[in-house]
Structures are given as structure tokens and as C-alpha cells.
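Visitor: Before we start, could you show me the model, so that I can ask how its labels are earned?

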Amino acid sequence: MTKASSTVSSETPKDGDRANLSRTFKYLLATQFLSRGIPFIFNSWIVRHLTAEDYAVYAVQFHLFVTCVLFLSREGFRRACMRADIKFDGASAKDNAATLLKVAWMTFPLGVFITIAACVFVFWWQGLHLSDPYAQAILINGCACILELLAEPLYILSQTLFLLKLRLMVETAATFSRCVTMYLLIVNFTNTEKGIAFALSQAAYGASLFLGYWSYFILFRSFRSSNLFPFRLGQVMNFDKQLSSMCMLFTLQSFRKLILQEGEKMVLVWLDTPYNQAVYGLVDKLGSLVVRLVFLPFEESSYATFARSASGQSPDKMKNLGRCLSEALKLVLLIGLIFLAFGPSYSYSLIRLLYGQKWSDGEASAALRYYCLYIIVLAMNGTSEAFLHAVATENQLKRSNDSLLVFSLIYVALNVLLIRSAGAVGLIFANSLSILLIVRLFLLSMSSFSGLNQSGVIGTFQKFEKYCC
């Protein structure tokens, strides 16, 4: 074994450490803090140098395009592969990695198809031509998505190996490259169309992810390119059928989940003005900062912990899972209540300080006040969803998919109704109501998990509903 290989192998946690919630949360929190904190500081500067129309393109329209493509292409595979009970210890480590990668590589052809379909849809919907700067920006964003998808199989492998430091370094470098690219294009190349500048910065982000993950696994993990692309003539169809079936199930669920996650932006782009899009984009980036910095890494680490614990053979595992879920829900409820207590009072001052009077004297301050309630709703939903995806059987996931379809329709209807009467504030209300319904559904479905210690979880949900109402 080479020196580099042995050094990196020592960073890979042993099986007993992989389900350690505090360790996983620590690295994911650092990753989110850097990958979200850097854009937050940069966003405070860029808002002052863009018109409302340009900021709507940056914060809502392009964000929606990239998120839809990437979420539909890879989210199901990420969820399913983290549940896979694949060991990476001993002489068979590379063979097991090949088993995982054969399934993970399916994200690329799926992603290319979705990217092309999304570009064609945007061109048709807005009547664009290739000579239009907006059309060129859409194509550049599509190429950026494909670059990210080329790195996705190695991202999945690194997450399964719990190489958390790798993700921290790669995502931080990619985020920094995106911000620097956008700054240089806006400040030094003032004749560049703003949409082109936004798209090129996204391409820099995707290229950095691609180079970071591939360089690490080829240079420092003693993997050859043939190991990382484990397809041979005559063996293309030789892959884990059960894992691929679970990936497809989660991918189908991601279509419905995407509507719940990004439906308000779809309605904004469809029905509302660029100014209201910019207001909502501003509030969403600021208000969701705590969600991305604290709750998202907590959700991801909780999912990893629940998935590893559920794959064990302990007779008391469901009771232990119930206890872990109860403690996790109490923690996110406490953090959410802190923001609900202090956030509304300081919303105006915060927007005035960060973005100036142009934004603080408009609808943004009121929208941020209501977003503080939305934060606590998101926190409870994220943790309960992580538990469901980690321990549910295939039949339970299918029933969950059917329920999500119903809630997606309710959600879209609420968005359309409330955006006309209350603008950005109406969208936040619609989001909160729909997610509250989903949380209630999760509470009702807990009886299907036999042996789960439900008393603590139910008590926490009752306290949550009391505060919300």
C-alpha cells in the first residue's frame, strides 16, 4: 500500500464510528458553514449592485433551473445508496465500491436527459433563440449541471465511506471559485451580460467539484480510472438490482418532493413580477441560512445515523431509534423556537443593515418575519423525513409517495391562491401550511413502525403543534 493510500485510509472511520451523530454533524456543519457562509457574505455585496430584475434571475430563475435538474437527477440515488449495507473493509473494498458505483453512475445518463429536457422546455416556454443572452446562459447552466453529475458517483462513494473532510474541502473550494468568478465578471468585465456572468460562475462551481472529487480518488485513494468507471463489455447489465430498484423508488419520490421544495419558485416565475421574485429570493436566501447552516447538516447526519442503526440486528433497535428520533426532534424544536422568539423583532434592522433601505422599506422585512415561523416547520419536517427515509420499507415508501402526490397538489393550489392576495408572505404561509400537513401525516404513520418507542416522539410533536398554533 502506498504512503498516500495508507494516510487517507486512516481518515476513513471504522464501522463503529460511522453512525456517530456528533462526528458526522460536526463535519457537515463546517461544510455548510463555509459553503453557505461565503455566498451569504458575497450576496450582501451583490444585492447592492444589481437591479431587482437581475437579482430575480440570479436568486430565483437560474436557481430553480439548476435545482430542478440536479435534484431530479441525483437525490434518489443519494438517499438509496446511503441506505445500502455495503462494507468497505478488507480485500473486497474495491469490488464493493464497484458494486456501488455501477448503480451511482446511472445518475449521469438520467441527468443528461433531464438537462436536455429542461433546456428545451425553457426555450419553448419563453420563446428563446440561441442569439439571446438568456438562452446562452441557460445552456451554460445546463453544462454546469452535467459537470456536477460527472462528479456525483464519486460524491456518493465518498459519503458512503464517510470521507467528510473531503466534502468539506471540495465544496468550500468550489463555492469560493463560484464567488470569485462572479465578482471578476461583474466588476472587471462590466460589458458581460449579468445572466452570462451568473451562469459562468455556476460552471466554475461544477468544474471545481468535478476536479476535486476525481483528483482525490485517483491521486490519493489508489483508485484507477477503471475502478471508478467499473463497466466492462458484456457486464454492463451486471449490477445490484435491489439497490437500483430502491434508487428508482426514491427518484420517483423526488419528483413529488421537488414540487414541495421548489413549488413556490415555480409559481413565482409563472405568475409574479420580477420585483416580487427578487423579494422572495432575498428573504429565502437570508431566512434559510439557518436552515442550511444548522438544520440541513443535522438532517443529513441524522439520516446517516438512522440508516446505519436501522441496518443492525439488535432486538431493541426500534426502541433505540425512537429515543434518538425524540431527542433529535427536541433539539431542532428548541433551536427553531429561539429564532421564532427573536427573529421577527430584528427582521427590519437586519435587512436594513445587510441590503440597504431599498429593500428594508419594502415587503422584504414583513416576509422575513413570517419566515421565522417557516424555519421551525422546516426543521421538524426535515428530521422526521430523514427518519422515514432511513428506516421505512419499500411498501411504506410507496405509500409515502402516494401521500406526497396529494400534498403536492394541495401545495400548488395554496401557492396560486395566496400569491395573488399576499405576495411573498402568501407563499411563506402556503409553504408552512403544506409542511404542517406532512408532519401530521408522519405522526399518524408512526403506528406502522412496529416496536418504535412512540411516546417521546408524540409528546414532542404535540409541543410543536402547540407553539405553531
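Visitor: Why is Arg 78 called partly exposed?

Guide: The label depends on relative accessible area, where buried means under 20%, exposed means over 50%, and partly exposed is what lies in between, using a 1.4 Å probe and protein chains only. Arg 78 has a relative accessibility of 22%, so it counts as partly exposed. Glu 152, at 2%, counts as buried because of that low value. Please keep in mind that this is a predicted model, in which local features need pLDDT of at least 70 and side-chain atom pairs count only at pLDDT 80 or more, while totals for chains, interfaces and linings use all residues. Residues are numbered from 1 along each chain as its sequence is written, and side-chain values use heavy atoms, with hydrogens and water left out.

Visitor: What makes the meeting of Arg 78 and Glu 152 a salt bridge?

Guide: The term asks for a side-chain nitrogen of Lys or Arg within 4 Å of a carboxyl oxygen of Asp or Glu. The side chains of Arg 78 and Glu 152 meet at 2.7 Å, N to O, so by the definition the pair qualifies. Arg 78 belongs to helix H4 and Glu 152 to helix H7, so this pair ties together parts that are 74 residues apart in sequence. Helices, I should add, are DSSP runs of H or I with at least four residues, strands are runs of E with at least two, and both are numbered from the N terminus. Arg 74, Arg 78, Glu 148 and Glu 152 are joined into one network by salt bridges that share partners.

Visitor: How do you know that Glu 148 and Arg 74 form a salt bridge?

Guide: Their closest N and O atoms are 3.2 Å apart, which means that the pair meets the distance rule. Glu 148 sits in helix H7 (residues 133-160) and Arg 74 in helix H4, with their positions 74 residues apart in the chain. Both Glu 148 and Arg 74 are buried.

Visitor: What about Lys 257 and Glu 75, and how far apart are their closest N and O atoms?

Guide: The closest N and O atoms of Lys 257 and Glu 75 are 4.0 Å apart, and the pair forms a salt bridge. Lys 257 lies in helix H11 (residues 241-271) and Glu 75 in helix H4, so parts that are 182 residues apart in sequence are tied together. Both Lys 257 and Glu 75 are buried. A search of the whole structure finds nine salt bridges.

Visitor: Why is Gln 277 called buried?

Guide: Its relative accessible area is 3%, so Gln 277 takes the label buried. Gln 277 is part of helix H12, and its contacts, meaning heavy atoms within 4.5 Å, include Ala 56, Val 60, Gln 61 and Leu 268 when neighbours within four places in sequence are left aside.

Visitor: What makes the meeting of the side chains of Gln 277 and Gln 61 a polar contact?

Guide: A polar contact is a pair of N or O atoms within 3.5 Å, where, within protein, one must be able to donate a hydrogen and the other to accept it, and residues adjacent in sequence count only if both atoms are side-chain atoms. The two side chains make such a contact at 3.0 Å. Ala 56, which is in helix H4, touches Gln 61 and Gln 277 as well as Pro 274 and Ala 278, not counting residues up to four places away in sequence. At 0% relative accessibility, Ala 56 counts as buried.

Visitor: How do you know that the length of helix H12 agrees with its number of residues?

Guide: The expected span is 1.5 Å times one less than the number of residues. For the 14 residues of H12 (residues 274-287) this should be 20 Å, and because the end C-alpha atoms are 19 Å apart, the two agree. H12 is mostly covered, since 11 of its 14 residues are buried.

Visitor: What makes a group of residues a nonpolar core?

Guide: The members are buried Ala, Val, Leu, Ile, Met, Phe, Trp, Tyr and Cys residues joined through side-chain atoms within 4.5 Å. The largest nonpolar core here has 125 residues, and those with the most contacts inside it are Ile 46, Phe 198, Phe 217 and Trp 359. Helix H4 (residues 52-83) gives the most to this core, with 20 residues. A second, separate core has five residues, among them Leu 404 and Phe 407.
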